[in-house]
Amino acid sequence: MTINLKVWKQKNAKTSGNLETYKVDQVSPDMSFLEMFDVLNEKLVQENKEPIAFDHDCREGICGMCSMYINGQPHGPLEGVTTCQLHMRTFKDGDTIVVEPWRSAAFPVIKDLVVDRTAFDRIIASGGFVSVNTGNAQDANNLAIGKDKADMAFAAAACIGCGACVAACKNASAMLFVSAKVSQLALLPQGQPERESRALNMVAQMDAEGFGACTNTGACAAECPKEISLDNIARLNREFLGASISSQEV
Amino acid sequence: MSWLTKTLTSSIGKKLLMALTGLFLCTFLVVHLIGNLQLFKNDGGYAFNNYAVFMTTFPVIKIVSYVNYALILFHAFWGLYITYKNRQARPIGYAVVKNSSSVFSRNMAILGTILLVYLVVHMSDFWYRYHNEALPYVKYTEQIASGNIETTPMEIGYTQEAKKVETVNEEAGTRTVIVKDLYNVVSFSFQNILLVLFYVLSMFAVAFHLFHGFQSAFQTLGWSHPKYTPLVKGLGVWVFAVLIPIGYAAMPLYFYFFK
Ligand code: HEM
Ligand code: SF4
Ligand code: FES
(Lines give C-alpha, C1' and ligand atoms only; values in the text may rest on other atoms or scores of the structure.)
(Ligands and ions follow the chains in the order given, each with its own letter.)
Protein backbone atom coordinates (compact mmCIF):
# COMPACT_ATOMS: atom_id res chain seq x y z
CA MET A 1 0.00 0.00 0.00
CA THR A 2 0.97 3.61 -0.44
CA ILE A 3 -0.13 5.99 2.28
CA ASN A 4 -0.04 9.79 2.16
CA LEU A 5 0.45 11.35 5.54
CA LYS A 6 -0.12 14.86 6.81
CA VAL A 7 1.66 15.02 10.14
CA TRP A 8 1.90 17.84 12.66
CA LYS A 9 5.51 19.02 12.88
CA GLN A 10 6.49 21.33 15.71
CA LYS A 11 10.04 21.96 16.88
CA ASN A 12 9.27 22.54 20.56
CA ALA A 13 6.73 23.93 22.99
CA LYS A 14 7.63 27.53 22.17
CA THR A 15 7.39 27.47 18.39
CA SER A 16 4.24 27.03 16.38
CA GLY A 17 3.90 24.08 14.06
CA ASN A 18 2.27 23.05 10.81
CA LEU A 19 1.07 19.98 8.94
CA GLU A 20 3.72 18.42 6.69
CA THR A 21 3.08 15.97 3.91
CA TYR A 22 4.86 12.62 3.65
CA LYS A 23 4.46 9.65 1.35
CA VAL A 24 5.08 6.11 2.63
CA ASP A 25 5.47 3.33 0.05
CA GLN A 26 5.36 -0.42 0.51
CA VAL A 27 3.18 -0.33 3.59
CA SER A 28 2.03 -3.81 4.55
CA PRO A 29 -1.64 -4.09 5.60
CA ASP A 30 -0.42 -6.12 8.60
CA MET A 31 1.72 -3.31 9.96
CA SER A 32 0.47 -1.46 12.97
CA PHE A 33 0.04 2.29 12.61
CA LEU A 34 3.18 2.83 14.69
CA GLU A 35 5.19 0.41 12.53
CA MET A 36 4.23 2.47 9.52
CA PHE A 37 5.72 5.46 11.35
CA ASP A 38 8.86 3.41 12.10
CA VAL A 39 9.24 2.70 8.38
CA LEU A 40 8.77 6.36 7.55
CA ASN A 41 11.24 7.49 10.23
CA GLU A 42 13.86 5.02 9.04
CA LYS A 43 13.55 6.45 5.57
CA LEU A 44 13.76 10.01 6.89
CA VAL A 45 16.91 9.21 8.86
CA GLN A 46 18.51 7.63 5.79
CA GLU A 47 17.71 10.77 3.83
CA ASN A 48 19.30 12.84 6.60
CA LYS A 49 15.98 14.40 7.47
CA GLU A 50 14.55 14.76 10.93
CA PRO A 51 12.35 11.84 12.00
CA ILE A 52 8.87 12.48 13.41
CA ALA A 53 8.73 12.41 17.19
CA PHE A 54 5.91 10.28 18.63
CA ASP A 55 5.23 8.58 21.95
CA HIS A 56 5.01 4.81 22.33
CA ASP A 57 6.11 2.13 24.74
CA CYS A 58 4.31 -1.17 25.20
CA ARG A 59 2.80 -1.45 21.72
CA GLU A 60 0.12 -3.76 23.06
CA GLY A 61 -2.53 -1.38 24.33
CA ILE A 62 -1.61 -1.20 28.01
CA CYS A 63 0.73 1.74 28.58
CA GLY A 64 -1.36 4.51 27.05
CA MET A 65 1.58 6.34 25.48
CA CYS A 66 0.71 6.17 21.78
CA SER A 67 -1.21 9.43 21.54
CA MET A 68 -2.11 10.18 17.93
CA TYR A 69 -5.18 12.04 16.71
CA ILE A 70 -5.82 10.26 13.42
CA ASN A 71 -8.24 11.64 10.82
CA GLY A 72 -10.15 13.52 13.48
CA GLN A 73 -10.29 10.77 16.10
CA PRO A 74 -7.96 9.87 18.96
CA HIS A 75 -6.33 6.48 18.23
CA GLY A 76 -7.97 6.44 14.79
CA PRO A 77 -11.24 5.08 13.47
CA LEU A 78 -11.57 1.78 15.35
CA GLU A 79 -13.45 1.49 18.63
CA GLY A 80 -11.82 0.20 21.78
CA VAL A 81 -8.21 0.16 20.54
CA THR A 82 -5.10 2.27 20.94
CA THR A 83 -2.97 3.55 18.05
CA CYS A 84 -0.51 0.68 18.51
CA GLN A 85 -3.39 -1.78 18.04
CA LEU A 86 -4.58 -0.09 14.87
CA HIS A 87 -3.48 -1.85 11.69
CA MET A 88 -2.97 -0.48 8.22
CA ARG A 89 -5.60 -2.88 6.84
CA THR A 90 -8.12 -0.44 8.30
CA PHE A 91 -7.07 2.01 5.56
CA LYS A 92 -7.10 1.84 1.79
CA ASP A 93 -4.21 2.06 -0.64
CA GLY A 94 -3.63 5.71 -1.53
CA ASP A 95 -5.46 7.10 1.52
CA THR A 96 -4.42 10.45 2.95
CA ILE A 97 -4.25 10.32 6.73
CA VAL A 98 -3.99 13.42 8.93
CA VAL A 99 -2.14 12.86 12.20
CA GLU A 100 -2.18 15.51 14.94
CA PRO A 101 -1.13 15.62 18.59
CA TRP A 102 -3.64 15.71 21.49
CA ARG A 103 -4.92 19.28 21.71
CA SER A 104 -5.43 20.70 25.18
CA ALA A 105 -4.12 23.67 27.13
CA ALA A 106 -3.20 21.16 29.84
CA PHE A 107 -1.24 18.94 27.38
CA PRO A 108 1.32 21.27 25.75
CA VAL A 109 3.10 19.88 22.71
CA ILE A 110 6.72 18.96 23.47
CA LYS A 111 7.65 18.08 19.90
CA ASP A 112 5.66 16.96 16.84
CA LEU A 113 3.14 14.41 18.12
CA VAL A 114 4.55 14.19 21.65
CA VAL A 115 2.56 16.03 24.32
CA ASP A 116 3.31 16.60 27.98
CA ARG A 117 0.78 14.57 29.97
CA THR A 118 2.28 15.15 33.42
CA ALA A 119 -0.97 16.98 34.29
CA PHE A 120 -2.43 13.47 34.69
CA ASP A 121 0.44 12.49 36.97
CA ARG A 122 -0.20 15.51 39.18
CA ILE A 123 -3.89 14.61 39.36
CA ILE A 124 -2.99 11.08 40.47
CA ALA A 125 -0.48 12.46 42.97
CA SER A 126 -3.24 14.63 44.47
CA GLY A 127 -5.26 11.62 45.61
CA GLY A 128 -5.45 8.72 43.17
CA PHE A 129 -3.94 6.19 45.57
CA VAL A 130 -4.39 4.43 48.91
CA SER A 131 -1.90 5.81 51.45
CA VAL A 132 -1.67 2.87 53.81
CA ASN A 133 0.36 -0.13 52.77
CA THR A 134 -1.98 -3.03 53.43
CA GLY A 135 0.69 -5.72 53.29
CA ASN A 136 0.60 -8.87 51.23
CA ALA A 137 -2.41 -9.91 49.20
CA GLN A 138 -5.03 -11.26 51.55
CA ASP A 139 -6.94 -14.47 51.32
CA ALA A 140 -9.59 -13.77 48.69
CA ASN A 141 -12.55 -14.17 51.02
CA ASN A 142 -11.22 -12.09 53.92
CA LEU A 143 -12.56 -8.97 52.38
CA ALA A 144 -16.06 -9.47 51.08
CA ILE A 145 -16.70 -7.44 47.90
CA GLY A 146 -19.86 -7.97 45.90
CA LYS A 147 -19.32 -9.22 42.36
CA ASP A 148 -21.21 -6.24 40.90
CA LYS A 149 -18.96 -3.78 42.76
CA ALA A 150 -15.83 -5.74 41.90
CA ASP A 151 -16.78 -5.74 38.22
CA MET A 152 -17.44 -2.01 38.16
CA ALA A 153 -14.18 -1.27 39.97
CA PHE A 154 -12.30 -3.52 37.56
CA ALA A 155 -13.86 -1.85 34.53
CA ALA A 156 -12.85 1.56 35.90
CA ALA A 157 -9.35 0.32 36.69
CA ALA A 158 -8.88 -0.55 33.02
CA CYS A 159 -8.13 3.14 32.30
CA ILE A 160 -4.58 3.40 30.97
CA GLY A 161 -4.30 7.18 31.37
CA CYS A 162 -3.81 7.74 27.66
CA GLY A 163 -5.65 11.06 27.50
CA ALA A 164 -7.81 10.17 24.49
CA CYS A 165 -10.83 11.34 26.48
CA VAL A 166 -9.30 14.81 26.78
CA ALA A 167 -8.31 14.78 23.11
CA ALA A 168 -11.81 13.80 21.98
CA CYS A 169 -13.77 16.18 24.22
CA LYS A 170 -14.76 19.52 22.73
CA ASN A 171 -14.03 21.04 26.14
CA ALA A 172 -10.74 19.16 26.59
CA SER A 173 -12.23 17.87 29.83
CA ALA A 174 -10.43 15.21 31.87
CA MET A 175 -13.58 14.02 33.64
CA LEU A 176 -13.57 10.50 32.22
CA PHE A 177 -10.00 9.90 33.35
CA VAL A 178 -10.51 11.39 36.81
CA SER A 179 -13.84 9.62 37.22
CA ALA A 180 -12.27 6.26 36.38
CA LYS A 181 -9.53 6.80 38.96
CA VAL A 182 -11.93 8.01 41.66
CA SER A 183 -14.49 5.25 40.93
CA GLN A 184 -12.00 2.43 41.03
CA LEU A 185 -11.12 3.24 44.65
CA ALA A 186 -14.52 4.53 45.79
CA LEU A 187 -16.06 1.15 44.94
CA LEU A 188 -13.60 -0.90 47.00
CA PRO A 189 -13.14 -1.15 50.78
CA GLN A 190 -9.49 -0.13 50.57
CA GLY A 191 -10.49 3.21 49.11
CA GLN A 192 -12.93 4.21 51.85
CA PRO A 193 -10.71 6.04 54.40
CA GLU A 194 -9.61 8.65 51.85
CA ARG A 195 -12.77 8.62 49.79
CA GLU A 196 -13.85 12.21 50.48
CA SER A 197 -10.46 13.90 50.30
CA ARG A 198 -9.62 11.96 47.15
CA ALA A 199 -12.65 13.25 45.24
CA LEU A 200 -12.14 16.81 46.47
CA ASN A 201 -8.40 16.96 45.82
CA MET A 202 -8.41 15.25 42.45
CA VAL A 203 -11.14 17.53 41.12
CA ALA A 204 -9.31 20.59 42.48
CA GLN A 205 -6.11 19.49 40.74
CA MET A 206 -7.99 18.70 37.53
CA ASP A 207 -9.40 22.25 37.52
CA ALA A 208 -6.02 23.78 38.36
CA GLU A 209 -4.45 22.05 35.35
CA GLY A 210 -6.77 23.92 32.98
CA PHE A 211 -8.97 21.10 31.69
CA GLY A 212 -12.48 22.18 30.65
CA ALA A 213 -15.75 21.42 32.42
CA CYS A 214 -17.72 18.34 31.32
CA THR A 215 -20.87 19.04 29.33
CA ASN A 216 -21.87 15.38 29.01
CA THR A 217 -21.40 15.15 25.25
CA GLY A 218 -20.15 11.57 25.61
CA ALA A 219 -17.32 11.90 23.07
CA CYS A 220 -14.82 10.68 25.69
CA ALA A 221 -16.48 7.32 26.33
CA ALA A 222 -17.07 6.81 22.60
CA GLU A 223 -13.35 7.29 21.90
CA CYS A 224 -11.85 5.67 25.02
CA PRO A 225 -9.72 2.67 24.02
CA LYS A 226 -10.69 0.94 27.27
CA GLU A 227 -14.39 1.79 26.87
CA ILE A 228 -14.64 3.46 30.27
CA SER A 229 -18.32 4.16 30.91
CA LEU A 230 -19.98 7.57 31.38
CA ASP A 231 -21.52 6.15 34.56
CA ASN A 232 -18.16 6.83 36.16
CA ILE A 233 -18.60 10.55 35.49
CA ALA A 234 -21.98 10.47 37.19
CA ARG A 235 -20.31 8.68 40.11
CA LEU A 236 -17.55 11.31 40.27
CA ASN A 237 -20.23 14.03 40.36
CA ARG A 238 -21.88 12.18 43.25
CA GLU A 239 -18.61 11.61 45.05
CA PHE A 240 -17.48 15.21 44.66
CA LEU A 241 -20.79 16.89 45.54
CA GLY A 242 -21.36 14.45 48.42
CA ALA A 243 -17.85 15.01 49.77
CA SER A 244 -18.22 18.78 49.44
CA ILE A 245 -21.34 18.68 51.58
CA SER A 246 -20.28 16.11 54.15
CA SER A 247 -16.54 16.68 54.63
CA GLN A 248 -15.43 18.29 57.91
CA GLU A 249 -13.47 20.98 56.11
CA VAL A 250 -15.19 24.38 56.33
CA MET B 1 -12.68 30.69 50.15
CA SER B 2 -15.52 29.05 51.98
CA TRP B 3 -16.34 25.47 51.12
CA LEU B 4 -19.50 26.58 49.37
CA THR B 5 -17.83 29.04 47.00
CA LYS B 6 -15.08 26.50 46.41
CA THR B 7 -17.64 23.87 45.51
CA LEU B 8 -19.77 26.08 43.29
CA THR B 9 -16.83 27.55 41.39
CA SER B 10 -15.25 24.14 40.71
CA SER B 11 -15.93 22.67 37.27
CA ILE B 12 -18.48 20.25 38.74
CA GLY B 13 -20.08 22.96 40.89
CA LYS B 14 -20.48 25.27 37.90
CA LYS B 15 -22.27 22.48 36.12
CA LEU B 16 -24.42 21.78 39.18
CA LEU B 17 -25.77 25.34 38.95
CA MET B 18 -26.52 24.81 35.25
CA ALA B 19 -28.32 21.55 35.96
CA LEU B 20 -30.41 22.91 38.85
CA THR B 21 -31.42 26.08 37.02
CA GLY B 22 -32.03 24.07 33.83
CA LEU B 23 -34.33 21.63 35.61
CA PHE B 24 -36.17 24.49 37.31
CA LEU B 25 -36.74 25.99 33.88
CA CYS B 26 -38.02 22.60 32.70
CA THR B 27 -40.71 22.61 35.40
CA PHE B 28 -41.56 26.16 34.35
CA LEU B 29 -42.01 24.94 30.76
CA VAL B 30 -44.51 22.34 31.94
CA VAL B 31 -46.54 24.78 34.07
CA HIS B 32 -46.49 27.51 31.42
CA LEU B 33 -47.68 25.07 28.76
CA ILE B 34 -50.52 23.68 30.87
CA GLY B 35 -51.69 27.21 31.74
CA ASN B 36 -51.54 28.36 28.15
CA LEU B 37 -53.53 25.38 26.92
CA GLN B 38 -56.51 27.55 27.94
CA LEU B 39 -55.86 29.46 24.71
CA PHE B 40 -57.39 26.51 22.89
CA LYS B 41 -60.70 26.87 24.77
CA ASN B 42 -63.41 28.22 22.54
CA ASP B 43 -64.67 30.74 25.10
CA GLY B 44 -63.63 34.07 23.62
CA GLY B 45 -60.58 34.06 25.90
CA TYR B 46 -62.58 34.04 29.15
CA ALA B 47 -60.49 31.39 30.90
CA PHE B 48 -57.18 32.63 29.49
CA ASN B 49 -57.73 36.31 30.36
CA ASN B 50 -58.74 35.46 33.93
CA TYR B 51 -55.72 33.19 34.23
CA ALA B 52 -53.45 36.01 33.01
CA VAL B 53 -54.80 38.29 35.75
CA PHE B 54 -54.28 35.60 38.38
CA MET B 55 -50.71 34.92 37.23
CA THR B 56 -49.74 38.59 37.34
CA THR B 57 -51.42 39.59 40.59
CA PHE B 58 -51.32 36.62 43.00
CA PRO B 59 -48.30 37.42 45.23
CA VAL B 60 -46.80 33.92 45.46
CA ILE B 61 -46.95 33.47 41.70
CA LYS B 62 -45.47 36.93 41.22
CA ILE B 63 -42.49 36.04 43.39
CA VAL B 64 -42.00 32.74 41.58
CA SER B 65 -42.13 34.45 38.21
CA TYR B 66 -39.48 37.00 39.19
CA VAL B 67 -37.29 34.16 40.50
CA ASN B 68 -37.91 32.47 37.17
CA TYR B 69 -36.76 35.52 35.16
CA ALA B 70 -33.64 35.80 37.30
CA LEU B 71 -32.86 32.10 36.85
CA ILE B 72 -33.30 32.29 33.08
CA LEU B 73 -30.78 35.13 32.96
CA PHE B 74 -28.44 33.34 35.34
CA HIS B 75 -28.69 30.06 33.40
CA ALA B 76 -28.08 31.86 30.12
CA PHE B 77 -25.04 33.91 31.14
CA TRP B 78 -23.52 31.19 33.33
CA GLY B 79 -23.89 28.75 30.43
CA LEU B 80 -22.23 31.15 28.01
CA TYR B 81 -19.45 31.78 30.55
CA ILE B 82 -18.82 28.03 30.97
CA THR B 83 -18.78 27.62 27.19
CA TYR B 84 -16.27 30.47 26.88
CA LYS B 85 -14.02 28.99 29.58
CA ASN B 86 -14.25 25.56 27.96
CA ARG B 87 -13.03 26.97 24.67
CA GLN B 88 -9.94 28.22 26.43
CA ALA B 89 -9.14 24.66 27.45
CA ARG B 90 -8.28 24.00 23.78
CA PRO B 91 -6.47 27.09 22.47
CA ILE B 92 -5.26 25.34 19.30
CA GLY B 93 -7.87 23.33 17.47
CA TYR B 94 -7.60 20.29 15.22
CA ALA B 95 -7.30 20.44 11.43
CA VAL B 96 -9.66 17.47 11.09
CA VAL B 97 -12.41 16.55 13.55
CA LYS B 98 -14.68 13.55 13.28
CA ASN B 99 -17.24 13.93 16.03
CA SER B 100 -18.60 11.02 17.99
CA SER B 101 -21.02 13.07 20.10
CA SER B 102 -24.46 14.37 19.17
CA VAL B 103 -24.70 17.65 17.31
CA PHE B 104 -27.11 19.03 19.94
CA SER B 105 -24.79 18.28 22.83
CA ARG B 106 -22.02 20.23 21.12
CA ASN B 107 -24.14 23.28 20.38
CA MET B 108 -25.98 23.96 23.63
CA ALA B 109 -24.69 27.54 23.73
CA ILE B 110 -25.92 28.31 20.21
CA LEU B 111 -29.29 26.70 20.89
CA GLY B 112 -29.44 28.59 24.19
CA THR B 113 -28.63 31.90 22.49
CA ILE B 114 -31.49 31.31 20.05
CA LEU B 115 -33.70 30.67 23.07
CA LEU B 116 -32.53 33.88 24.70
CA VAL B 117 -33.38 35.90 21.60
CA TYR B 118 -36.73 34.14 21.46
CA LEU B 119 -37.42 34.94 25.11
CA VAL B 120 -36.68 38.64 24.59
CA VAL B 121 -39.05 38.78 21.60
CA HIS B 122 -41.67 36.74 23.44
CA MET B 123 -41.53 38.86 26.59
CA SER B 124 -41.80 42.11 24.65
CA ASP B 125 -44.66 40.70 22.56
CA PHE B 126 -46.87 39.78 25.49
CA TRP B 127 -45.39 40.40 28.92
CA TYR B 128 -44.26 43.96 28.22
CA ARG B 129 -47.43 44.91 26.39
CA TYR B 130 -49.64 43.36 29.05
CA HIS B 131 -47.92 45.37 31.78
CA ASN B 132 -47.18 48.63 30.03
CA GLU B 133 -49.44 49.29 27.11
CA ALA B 134 -53.03 50.33 26.69
CA LEU B 135 -54.57 46.99 25.87
CA PRO B 136 -58.14 46.50 24.65
CA TYR B 137 -60.65 45.36 27.27
CA VAL B 138 -63.35 42.77 26.91
CA LYS B 139 -66.57 42.30 28.84
CA TYR B 140 -67.88 38.84 29.73
CA THR B 141 -71.46 38.61 30.92
CA GLU B 142 -72.31 35.32 32.58
CA GLN B 143 -75.86 34.14 33.19
CA ILE B 144 -75.30 32.73 36.66
CA ALA B 145 -78.13 30.21 36.38
CA SER B 146 -77.13 28.69 33.06
CA GLY B 147 -73.40 29.48 33.02
CA ASN B 148 -73.73 30.93 29.53
CA ILE B 149 -71.08 33.55 28.80
CA GLU B 150 -71.51 36.38 26.36
CA THR B 151 -68.40 38.15 25.05
CA THR B 152 -68.47 41.84 24.12
CA PRO B 153 -65.29 43.75 23.29
CA MET B 154 -65.15 47.15 25.00
CA GLU B 155 -64.95 50.23 22.78
CA ILE B 156 -61.46 51.33 21.72
CA GLY B 157 -59.88 53.62 24.28
CA TYR B 158 -61.78 52.12 27.23
CA THR B 159 -59.61 51.76 30.29
CA GLN B 160 -59.91 51.01 34.03
CA GLU B 161 -57.64 51.03 37.08
CA ALA B 162 -57.50 47.28 37.64
CA LYS B 163 -56.73 44.57 35.12
CA LYS B 164 -60.00 42.98 36.08
CA VAL B 165 -63.26 44.33 37.51
CA GLU B 166 -66.02 41.95 38.51
CA THR B 167 -69.60 42.97 39.30
CA VAL B 168 -72.63 40.90 40.15
CA ASN B 169 -76.13 42.01 39.26
CA GLU B 170 -78.39 39.93 41.50
CA GLU B 171 -81.61 41.17 39.96
CA ALA B 172 -80.65 40.22 36.43
CA GLY B 173 -78.85 37.09 37.69
CA THR B 174 -75.65 38.02 35.84
CA ARG B 175 -72.04 38.38 36.68
CA THR B 176 -69.94 40.80 34.61
CA VAL B 177 -66.20 40.68 34.23
CA ILE B 178 -64.30 43.42 32.43
CA VAL B 179 -60.72 42.36 31.87
CA LYS B 180 -57.63 43.22 29.83
CA ASP B 181 -57.93 41.23 26.62
CA LEU B 182 -54.56 39.51 26.31
CA TYR B 183 -56.27 36.75 24.35
CA ASN B 184 -57.08 39.27 21.66
CA VAL B 185 -53.47 40.48 21.56
CA VAL B 186 -52.24 36.89 21.19
CA SER B 187 -54.79 36.14 18.52
CA PHE B 188 -53.93 39.29 16.60
CA SER B 189 -50.15 38.83 16.89
CA PHE B 190 -50.30 35.36 15.42
CA GLN B 191 -51.91 36.60 12.22
CA ASN B 192 -48.38 37.64 11.26
CA ILE B 193 -46.83 34.71 9.40
CA LEU B 194 -43.27 35.87 10.16
CA LEU B 195 -43.92 35.86 13.88
CA VAL B 196 -45.60 32.47 13.64
CA LEU B 197 -42.60 31.07 11.80
CA PHE B 198 -40.20 32.57 14.33
CA TYR B 199 -42.13 31.01 17.21
CA VAL B 200 -42.35 27.60 15.57
CA LEU B 201 -38.66 27.54 14.63
CA SER B 202 -37.70 28.63 18.13
CA MET B 203 -39.53 25.59 19.47
CA PHE B 204 -37.08 23.44 17.51
CA ALA B 205 -34.34 25.12 19.55
CA VAL B 206 -36.24 24.20 22.73
CA ALA B 207 -36.56 20.63 21.50
CA PHE B 208 -32.88 20.29 20.63
CA HIS B 209 -31.70 22.06 23.81
CA LEU B 210 -33.69 19.67 25.96
CA PHE B 211 -33.01 16.59 23.84
CA HIS B 212 -29.52 16.78 25.28
CA GLY B 213 -30.13 19.03 28.28
CA PHE B 214 -32.74 17.13 30.26
CA GLN B 215 -30.84 13.88 30.63
CA SER B 216 -27.57 15.78 30.88
CA ALA B 217 -28.81 17.57 33.99
CA PHE B 218 -29.41 14.24 35.72
CA GLN B 219 -25.94 13.03 34.76
CA THR B 220 -24.52 16.26 36.22
CA LEU B 221 -26.42 15.64 39.45
CA GLY B 222 -24.81 12.21 39.55
CA TRP B 223 -28.09 10.46 38.90
CA SER B 224 -27.17 7.55 36.70
CA HIS B 225 -28.72 4.21 37.44
CA PRO B 226 -29.69 1.23 35.28
CA LYS B 227 -33.24 1.34 36.65
CA TYR B 228 -33.99 5.04 36.34
CA THR B 229 -31.71 6.46 33.63
CA PRO B 230 -33.74 4.91 30.76
CA LEU B 231 -36.80 6.58 32.27
CA VAL B 232 -35.04 9.94 32.49
CA LYS B 233 -33.84 9.64 28.90
CA GLY B 234 -37.31 8.65 27.67
CA LEU B 235 -38.88 11.56 29.51
CA GLY B 236 -36.28 13.96 28.13
CA VAL B 237 -36.84 12.89 24.54
CA TRP B 238 -40.58 12.20 24.37
CA VAL B 239 -41.92 14.75 26.81
CA PHE B 240 -39.38 17.58 26.77
CA ALA B 241 -38.04 17.36 23.23
CA VAL B 242 -41.25 16.27 21.46
CA LEU B 243 -44.51 16.79 23.35
CA ILE B 244 -43.79 20.14 24.98
CA PRO B 245 -42.32 21.89 21.92
CA ILE B 246 -45.24 20.59 19.81
CA GLY B 247 -47.68 21.90 22.42
CA TYR B 248 -46.11 25.34 22.31
CA ALA B 249 -45.76 25.41 18.52
CA ALA B 250 -49.44 24.48 18.20
CA MET B 251 -50.52 27.83 19.69
CA PRO B 252 -49.28 30.23 16.99
CA LEU B 253 -50.32 27.70 14.32
CA TYR B 254 -53.82 27.42 15.81
CA PHE B 255 -54.33 31.17 15.78
CA TYR B 256 -52.88 31.60 12.33
CA PHE B 257 -54.94 28.89 10.70
CA PHE B 258 -58.15 28.77 12.75
CA LYS B 259 -58.75 32.27 14.14
C1 HEM C 1 -36.62 27.56 28.76
C2 HEM C 1 -35.42 27.72 28.73
C3 HEM C 1 -34.31 26.74 29.06
C4 HEM C 1 -34.35 25.50 29.62
C5 HEM C 1 -35.56 24.71 30.08
C6 HEM C 1 -32.98 25.03 29.69
C7 HEM C 1 -32.59 23.81 30.20
C8 HEM C 1 -31.29 23.35 30.24
C9 HEM C 1 -30.86 22.12 30.81
C10 HEM C 1 -31.76 21.10 31.51
C11 HEM C 1 -29.51 22.03 30.64
C12 HEM C 1 -28.61 20.87 31.04
C13 HEM C 1 -27.77 21.17 32.24
C14 HEM C 1 -26.66 20.16 32.41
O15 HEM C 1 -26.05 19.73 31.42
O16 HEM C 1 -26.37 19.79 33.54
C17 HEM C 1 -29.09 23.20 29.94
C18 HEM C 1 -27.78 23.46 29.55
C19 HEM C 1 -27.39 24.62 28.92
N20 HEM C 1 -28.16 25.73 28.66
FE21 HEM C 1 -30.14 25.86 28.91
N22 HEM C 1 -32.14 25.99 29.19
C23 HEM C 1 -32.93 27.06 28.80
C24 HEM C 1 -32.52 28.26 28.26
C25 HEM C 1 -31.20 28.56 27.98
C26 HEM C 1 -30.78 29.84 27.49
C27 HEM C 1 -31.68 31.05 27.23
C28 HEM C 1 -29.45 29.76 27.31
C29 HEM C 1 -28.65 30.94 26.82
C30 HEM C 1 -27.62 31.11 26.28
C31 HEM C 1 -29.01 28.42 27.70
C32 HEM C 1 -27.74 27.93 27.64
C33 HEM C 1 -27.35 26.67 28.04
C34 HEM C 1 -26.02 26.14 27.90
C35 HEM C 1 -24.81 26.85 27.27
C36 HEM C 1 -26.05 24.85 28.44
C37 HEM C 1 -24.91 23.86 28.47
C38 HEM C 1 -24.12 24.12 29.69
C39 HEM C 1 -23.27 22.96 30.02
O40 HEM C 1 -23.55 21.84 29.60
O41 HEM C 1 -22.33 23.21 30.77
N42 HEM C 1 -30.12 27.72 28.10
N43 HEM C 1 -30.19 24.00 29.72
S1 SF4 D 1 -10.62 7.16 30.47
FE2 SF4 D 1 -10.13 6.05 28.57
S3 SF4 D 1 -9.50 7.67 27.16
FE4 SF4 D 1 -9.41 8.57 29.19
S5 SF4 D 1 -7.31 8.26 29.90
FE6 SF4 D 1 -8.47 6.49 30.63
S7 SF4 D 1 -8.24 4.95 29.03
FE8 SF4 D 1 -7.60 6.89 28.11
S1 FES E 1 2.12 1.99 22.93
FE2 FES E 1 1.35 1.34 24.85
S3 FES E 1 -0.79 1.56 24.54
FE4 FES E 1 -0.02 1.99 22.56
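**Salt bridges in the predicted model**

Lys9(A) and Asp112(A) form a side-chain salt bridge, with a nitrogen-to-oxygen distance of 3.0 Å. Lys9(A) belongs to strand E1 of chain A and Asp112(A) to the loop between strand E6 (109–111) and strand E7 (114–115), so the contact ties together parts of the chain that are 103 residues apart in sequence. The model is predicted, and a search over all of its chains yields 15 salt bridges.

**Second contact of Lys9(A)**

- The side chain of Lys9(A) also meets that of Glu50(A) in a salt bridge, at 3.7 Å from N to O.
- This pair links distant parts of chain A, 41 residues apart: Lys9(A) is in strand E1 (residues 3–9), while Glu50(A) is in the loop between helix H1 (33–46) and strand E3 (69–70).

**Burial of the partners in chain A**

- Lys9(A) has a relative accessibility of 11% and therefore counts as buried, since the limit for that class is under 20%.
- Asp112(A) is likewise buried, because its relative accessibility is 1%.
- Glu50(A), by contrast, is partly exposed, with a relative accessible area of 46%.

**A pair in chain B**

- Arg129(B) and Glu133(B) are joined through their side chains by a salt bridge of 3.8 Å, N to O.
- Arg129(B) is partly exposed, at a relative accessible area of 24%.
- Glu133(B) is also partly exposed, and its relative accessible area is 39%.

**Network**

- In chain A, salt bridges with shared partners connect Lys9(A), Glu50(A), Lys111(A) and Asp112(A) into one network.

Terms used
Residues numbered from 1 in each chain as written. Chains lettered and ligands numbered in written order. Predicted model: local features only at pLDDT ≥ 70, side-chain atom pairs only at ≥ 80, totals over all residues. Heavy atoms only, no water. Salt bridge = Lys/Arg side-chain N within 4 Å of Asp/Glu carboxyl O. Helix = DSSP H or I, 4+ residues; strand = E, 2+ residues; numbered from the N terminus. Buried < 20%, exposed > 50% of the residue type's maximum accessible area, 1.4 Å probe, protein only.
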